[in-house]
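Student: I am new to this structure. Could you show me how to read its sheet and its helices?

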Amino acid sequence: MPDTQLDLICLGRAAVDLYAQQVGSRLEDVSSFAKYLGGSSGNCAYGSARLGLKPAMLTRVGNEQFGNFVLEEFARTGVDVSHMPVDADRFTALAILALKDRDTFPLLFYRKDCADMAITAEDIDPDWIGTARALAITGTHLSTETTQGACRAALDAAEQHGLKRILDIDYRPVLWGLAELGDGATRYVDDAETTAHLQRWIGDFDLIVGTEEEFHIAGGTTDTIAALKKVRALSDAVLVCKLGALGCTVFDGPIGDSVHDGVLVEGVQVEVLNVLGAGDAFISGFLRGYLCGESWETCATYANASGALVVSRHACAPAMPSETELFDYLERRHEVPRPDQDARLNDLHRKTTRYPADWGPIYGLAFDHRMQLLDMADDLGVDTASLSPLKELLVSAAERGVAKAGLTDHKPAVLCDDVIGQDALNAMTGRGWWIGRPVEQTGSRPLRFQHGDDIGSQLMSWPAEHIIKCLVFYHPDDETELRLDQEDKLRQLAEARRVSGHELLLELIPPKAMVSDDATIARSLQRFYHLGIRPDWWKLPPMSDAAWQEVRGVIERYDEHCRGVVLLGLDAPIEDVKAGFREAGASKICRGFTIGRTLFAEPAHGWLTGALNDEAFIETVAANYAELIATWRESATNGLDRDISGASV
């Protein structure tokens with residue numbers, strides 16, 4: 001048998017879910033949708049990966065943009081996609097859902113001749129199946145002759161190699177042709193032929209998971225205990241019967257006369273927003289325990305909690321908890337009736353599911369300047385229309401600078417605005433770059449947003465990969481009215497990004513007119529954390545060694561999942577910037593820099609006046625950028641053996 005590399009292979013549905021964003025509307029009245037990864041097997045693979053397992057997905061996707069999206073989403077969360085054929089003749093399946101009320105979820109499945117239902121026995125590699133510890137199949141793929149062939153080949157290979165074989169009954173009557181096309185929400189339709197068909201398969205599995213209704217169709221009766229007894233007569237599998245909000249019961253042996261005769265584990269009571277995906281979260285949690293050798297009580301506890309978290313949120317796959325989040329919730333579950341409103345869980349969910357998990361060093365070329373460049377053009381008598389092409393040239397300079405620094409596998413990091421730099425933003429987006437995008441009105445104190453107060457609506461139009469960058473001129477000893485005004489704006493921004501899902505970089509600069517010491521910035525950070533403002537990144541000015549110690553102490557005390565600090569330049573001469581690298585590079589909390597005018601101001605002046613052509617401008621900025629990267633890398637290397645311990649504030 002080959003060396004085991006995977007914990008789990010999931011065979012079945014993988015799709016794109018389109019969720020109505022207007023909660024309470026009929027599907028007919030919905031005006032906008034959010035796009036997520038979906039499909040029962042896909043959700044299981046995705047959820048299992050988030051909980052620390054090593055899953056693979058075995059299905060097909062279409063040769064189109066949605067198929068690309070599904071593949072990319074799986075890969076981002078750690079799901080093996082090496083055996084997901086791309087089908088040139090079929091589209092990736094869609095599911096479209098509305099959230100009408102607590103009990104009504106109109107659902108349309110667009111799955112006619114879709115890619116995942118075209119998987120065949122020829123797509124199954126028995127040797128690859130043997131590299132896993134378990135195979136999970138969903139009932140939908142037992143519904144057609146073609147997919148049955150794939151399931152049969154996979155199950156035979158799993159038996160040959162000694163894998164655990166798992167069935168999620170996943171009964172959707174509409175997908176068996178037993179309900180009208182528009183009736184995707186119906187969970188149960190009695191059908192003797194479907195029951196007989198399922199009963200020919202259930203003896204092939206070691207673990208069978210389903211709701212009461214799903215065991216009704218498998219057992220051929222709406223009496224739950226009688227249905228479970230019928231399934232037991234046909235299979236020695238462990239049976240897990242989901243009981244909704246009541247939890248679940250596990251039968252590892254004979255079926256008694258009550259669900260209490262199994263291992264009954266009560267569920268967690270939460271406010272339900274959306275039940276779709278709860279079952280997929282449940283089995284992901286159960287398998288996290290099952291494949292790690294946990295007791296049935298522990299497996300069921302993981303399962304119930306995972307399902308509870310997902311029903312309180314607006315999605316399926318993206319709502320799946322991380323391992324860190326799940327364990328935190330389990331410790332506090334009786335204190336958290338609304339997981340979707342718990343600040344700690346929300347922060348953990350977002351930060352422990354970020355992609356990528358680690359950016360590595362940030363070598364940032366910052367050209368998000370607006371006022372400064374407009375002033376430069378005005379002083380030179382140059383048409384401001386030339387500033388947008390200038391920023392597009394800076395995109396090329398960033399790319400070339402990284403190459404000149406010898407970082408062949410490193411993507412550029414940039415800060416760029418949407419006032420002058422929208423074309424530059426468009427050119428960079430979708431290439432895997434680290435892209436910070438400002439929201440503040442340039443130079444504002446108190447803080448004001450560039451495009452008005454409704455920051456949430458603005459973020460809804462942003463690409464998900466853009467990082468919100470907000471500069472605030474702040475001092476912890478500011479006059480009370482000014483301080484509260486700025487803090488209120490930052491709280492608005494923090495809430496808006498919680499909804500939008502974007503990462504946040506908070507740039508903090510103490511006003512020059514106010515006295516600052518080695519504790520000033522650390523005190524500001526501590527104040528923000530007390531207010532519940534927990535950015536992914538901080539952008540801070542050069543500091544003394546003592547100030548870095550204070551900052552590191554605060555961040556480590558309040559946010560172990562903070563990505564770190566990047567250093568700003570403040571238009572200092574390049575030699576001064578290099579000098580500032582010494583202390584920053586030695587601090588373990590500082591992850592890099594984002595430097596701007598130091599690198600491009602003089603070349604920009606030359607380009608705007610015609611003294612430099614495009615190529616000369618790009619080359620000059622790229623050389624400056626590469627020089628600064630080399631200096632940072634040297635400073636960071638020299639500081640590797642230094643341990644700056646956190647200090648109290």
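Tutor: Let us begin with one pair of strands; please bear in mind that the model is predicted. Strands of a sheet pair through backbone hydrogen bonds, either parallel or antiparallel. Here strand 9 (residues 134–138) and strand 10 (residues 164–168) are joined in the parallel sense, over 5 bridges.

Student: Which residue in strand 10 is the bridge partner of Thr 138?

Tutor: The partner of Thr 138 is Asp 168.

Student: What is the order of the strands in the sheet?

Tutor: The open sheet has 8 strands in the order 4-1-9-10-11-12-13-14, and the pairing is mixed. Strand 4 (55–58) and strand 14 (263–266) each have a single partner strand, so they stand at the edges, with one side of each left without a neighbour in the sheet. From one strand to the next, the twist averages 15°.

Student: Which strands does helix 4 touch?

Tutor: Helix 4 (residues 145–161) packs on the sheet and touches strand 1 (8–11), strand 9 and strand 10. The direction of helix 4 makes about 160° with that of strand 9.

Student: At what angle do helix 1 and helix 8 pack?

Tutor: Helix 1 (residues 40–50) and helix 8 (residues 278–290) pack at about 40°, and their axes lie 8 Å apart. Because angles from 35 to 65 degrees fall in the oblique class, helix 1 is oblique to helix 8. Their crossing is right-handed.

Student: Which residues meet there?

Tutor: Helix 1 contributes Ser 40, Asn 43, Cys 44, Gly 47 and Ser 48, which meet Asp 280, Ile 283, Ser 284 and Leu 287 of helix 8. By class, this contact has 3 nonpolar, 5 polar and 1 charged residues.

Methods: Residues numbered from 1 in each chain as written. Predicted model: local features only at pLDDT ≥ 70, side-chain atom pairs only at ≥ 80, totals over all residues. Heavy atoms only, no water. Pairing = 2+ DSSP bridges. Helix = DSSP H or I, 4+ residues; strand = E, 2+ residues; numbered from the N terminus. Axes fitted to C-alpha atoms, helices over the stretch in contact; angles between N-to-C directions. Contact = heavy atoms within 4.5 Å. Parallel < 35°, antiparallel > 145°, perpendicular 65-115°, else oblique. Left-handed = near helix turned anticlockwise from the far one by under 90°. Nonpolar A, V, L, I, M, F, W, Y, C, P; charged D, E, K, R; others polar.
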